[in-house]
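Welcome! Below are some exercises to work through at your own pace, each with a worked solution. Take a look at the structure, then begin.

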Amino acid sequence: MAEEVVFVPVRRLGDLIRERRLSPVALAEIFLDRLERLGPRYNAVVTVTRARALEQARRAEAEIAAGRYRGPLHGIPYGAKDLLATSGGIPTTWGAAPFKDRVFDFDATAIRKLETAGAVLCAKLAMVELAGGMGYRQPNAAFTGPGVNPWSRDAWSGGSSSGSGSAVAAGLVPFAIGSETWGSILSPAGNCGVAGLRPTYGRVSRHGAMALCWTLDKLGPLALTADDCGLVLEAIAGRDPADPTTVDRPFRHEPAAPAGQRFRFGVLRGTTDGCEEAVRENFARSLGVLREIGTVEEVALPDLPYDDITRTILFAEAASAFEDLIESGAIRGLTAPEDRYTAYARDAILAKDYLKALRLRGVMAREADRVLAPLHALVAPGRPSEAALLASEVRSAIRGTARDVMGAVGNGAGLPAVAVPNGLGARGLPTSLQFMGRAWEEPTVLAAACAYQSRTDWHERHPADLS
Amino acid sequence: MSEPEAIRAPESIRPPAAIHPEVETMLALVRERYGGRLAPEELEGVRTAIEGIVQAAHALRAVRLTNADEPGQPFAAYRADP
């Protein structure tokens with residue numbers, strides 16, 4: 001039966017469960033087996049939560065049998081990036097050796113909301129240590145080892161939600177929760193050929209999630225399709241008194257745009273500068289598909305130091321969030337050698353410069369909204385290249401070794417974006433396409449991404465050798 | 001907010017070509033605070049990171065803002081219920 005349910009989208013699995021043609025317990029067993037058997041191959045898993053999963057699956061099965069169906073995630077297995085607090089003795093490690101035995105006595109709000117929706121937590125998934133906030137330069141920056149890409153085992157799965165990307169791509173879970181401060185959902189989604197949704201800042205409660213940067217951190221889903229991401233977001237979105245940045249804006253995911261809807265897409269001038277040739281070619285082909293469902297026009301943002309704005313905020317807040325770890329010298333226990341000292345440099349950030357970055361963020365947010373207002377979405381390559389080799393140094397806008405205006409603006413201004421696969425590169429690894437919208441326009445970017453996926457089949461292709 | 005072109009600083013206050021003195025000053029601060037725990041090659045890594053931070057700071061300082069341009073994430077007064 002495993003062959004029949006692995007790589008089946010959440011929406012379809014939900015239908016089968018609702019119709020009682022698929023047992024949540026049997027489904028959980030299949031994915032638990034894959035997590036235990038294949039997870040180590042990709043360094044994708046920190047903890048398989050078998051006991052909790054089977055308890056939740058049995059409860060789901062009983063409730064559905066009794067006619068109490070909770071919705072499309074009822075009985076669906078998932079994995080959570082290991083920066084979300086979980087109760088019941090399940091460790092929450094933040095991917096970092098100094099915290100590998102740490103246990104919380106409560107569930108993060110996102111975990112609790114997914115439990116309310118009936119989803120089944122099967123694993124805590126691997127991640128770059130401290131979500132990459134200490135300046136790592138290489139894939140081997142987690143105590144669980146480098147995230148291995150299911151498409152090629154000499155390639156990185158991306159960061160920092162490495163396990164969330166690889167676990168979905170390898171069929172170890174139907175969906176996963178990741179987090180993004182700058183790139184940590186879109187990067188592994190793009191590298192692993194799955195869909196990833198970065199919600200608007202404030203859409204999803206961060207309560208119980210590791211804080212890297214209070215004003216940049218977002219939680220969001222990775223799944224096989226943009227449609228599935230919408231289903232998951234519906235379950236985890238909403239105001240939470242425990243996270244004062246959350247807002248009371250209802251989110252409802254519609255599986256398809258209204259018939260005949262036309263989209264207006266924008267492309268930032270120079271958005272493919274620095275991209276690999278195959279990325280540019282695949283993006284050009286994607287624009288051809290998008291012209292079937294709308295218009296595409298070039299747009300421009302004013303000349304501002306976008307990467308510097310978001311980078312300065314990230315470095316300053318991360319240095320403060322991990323002040324104890326840094327000042328005590330406990331960062332010596334991290335895996336990547338550069339993570340053990342780079343953060344000391346952040347004492348060089350002056351308060352005045354951090355505040356200037358925050359003030360410029362306001363300008364950036366207004367300019368981005370001005371450009372986005374007449375559009376349904378800005379589109380761009382999700383990543384400038386195929387996944388890096390495990391043995392290579394990772395180019396990163398966060399460290400300033402690459403430029404990422406879409407990421408700097410999108411994260412700095414807290415805007416939603418969804419990435420979906422749009423082809424293969426020269427090494428046979430996935431490339432991706434991102435749709436970024438105005439604040440709170442997740443329904444719009446998801447509708448656009450769903451429309452794109454309805455005309456392409458890249459999301460139906462999966463890595464070989466996953467038995 | 002003024003038009004994009006207007007918020008750019010004139011060339012005269014753009015980042016200076018050489019950031020070396022500021023980097024060395026900041027590196028001295030880090031060396032003073034943490035030097036005892038940093039190997040020479042690690043201190044070089046810190047220097048590289050400081051160069052990036054100082055370059056970013058110069059880029060930020062080069063943009064002029066008005067008195068009305070507040071941080072994008074304003075503080076909110078707190079009062080516990082009720």
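## Exercise 1: Two helices that cross

In chain A, helix α10 (residues 306-321) and helix α12 (residues 351-372) have axes that come within 9 Å and cross at roughly 130 degrees. Describe how α10(A) and α12(A) are arranged and which residues make their contact.

A word before the solution: this is a predicted model, in which local features need pLDDT of at least 70, side-chain atom pairs count only at pLDDT 80 or more, and totals for chains, interfaces and linings use all residues. Residues are numbered from 1 along each chain as its sequence is written, while chains are lettered from A and ligands numbered from 1 in the order in which they are written.

*Solution.*

Step 1. Recall how the angle is taken: axes are lines fitted to C-alpha atoms, for helices over the stretch in contact, and angles run from 0 to 180 degrees between N-to-C directions. Helices (H or I, at least four residues) and strands (E, at least two) are DSSP runs, numbered from the N terminus.

Step 2. Name the arrangement. The angle makes α10(A) oblique to α12(A). Here angles under 35 degrees count as roughly parallel, over 145 as roughly antiparallel, 65 to 115 as roughly perpendicular and the rest as oblique.

Step 3. Find the hand. α10(A) passes α12(A) in a left-handed crossing; a crossing is left-handed if the near helix is turned anticlockwise from the far one by less than a right angle, and right-handed if clockwise.

Step 4. List the contact. From α10(A) come A:Y306, A:I309, A:T312, A:I313 and A:A316, and from α12(A) come A:D353, A:Y354, A:A357, A:L358, A:L360, A:R361 and A:M364. Two residues are in contact if their C-beta atoms, placed from the backbone, lie within 7 Å.

Step 5. Sort by class. The α10(A)–α12(A) contact has nine nonpolar residues, one polar and two charged. Ala, Val, Leu, Ile, Met, Phe, Trp, Tyr, Cys and Pro count as nonpolar, Asp, Glu, Lys and Arg as charged, and the others, Gly among them, as polar.

## Exercise 2: Another helix pair

Helices α3 (residues 24-38) and α4 (residues 50-65) of chain A pack with their axes 8 Å apart, at an angle of about 160 degrees. Is α3(A) roughly parallel or roughly antiparallel to α4(A)?

*Solution.*

Step 1. With that angle, α3(A) is roughly antiparallel to α4(A).

Step 2. The crossing of α3(A) past α4(A) is right-handed.

Step 3. α3(A) supplies A:P24, A:V25, A:A28 and A:L32, and α4(A) supplies A:R50, A:A53, A:L54, A:A57, A:R58, A:A60 and A:E61.

Step 4. By class, the residues of this α3(A)–α4(A) contact are eight nonpolar, no polar and three charged.

## Exercise 3: The chains

Describe chain A and chain B, and then the contact that joins them.

*Solution.*

Step 1. Chain A has 14 helices and 13 strands. Its radius of gyration, taken over C-alpha atoms, is 20 Å, close to the 23 Å that the globule rule gives for 467 residues, so chain A is as compact as a globular protein of that length. The rule is 2.2 Å times the number of residues to the power 0.38.

Step 2. In chain A, 61% of the 467 residues are buried. A residue is buried if 20 or more other C-beta atoms lie within 10 Å of its own, exposed if 12 or fewer, and partly exposed in between, with C-beta atoms placed from the backbone.

Step 3. Chain B has two helices and zero strands, and 22% of its 82 residues are buried.

Step 4. The contact between the chains takes 31 residues from chain B and 37 from chain A. On the chain B side, α1 (20-34) and α2 (40-61) are the elements that give two or more residues. α2(B) gives the most, with 13 residues.

## Exercise 4: Backbone surprises

What is the phi of A:F7, and what is the phi of A:A131?

*Solution.*

Step 1. Start from the usual case: most residues other than glycine have a negative phi, and most peptide bonds are trans.

Step 2. A:F7 has a positive phi near 65 degrees. A:F7 sits in the loop between α1 (2-5) and α2 (10-18) of chain A and is partly exposed, with 17 other C-beta atoms within 10 Å.

Step 3. A:A131 also has a positive phi, about 55 degrees. A:A131 lies in the loop between β3 (120-125) and β4 (148-149) of chain A and counts as buried, with 28 C-beta neighbours inside 10 Å.
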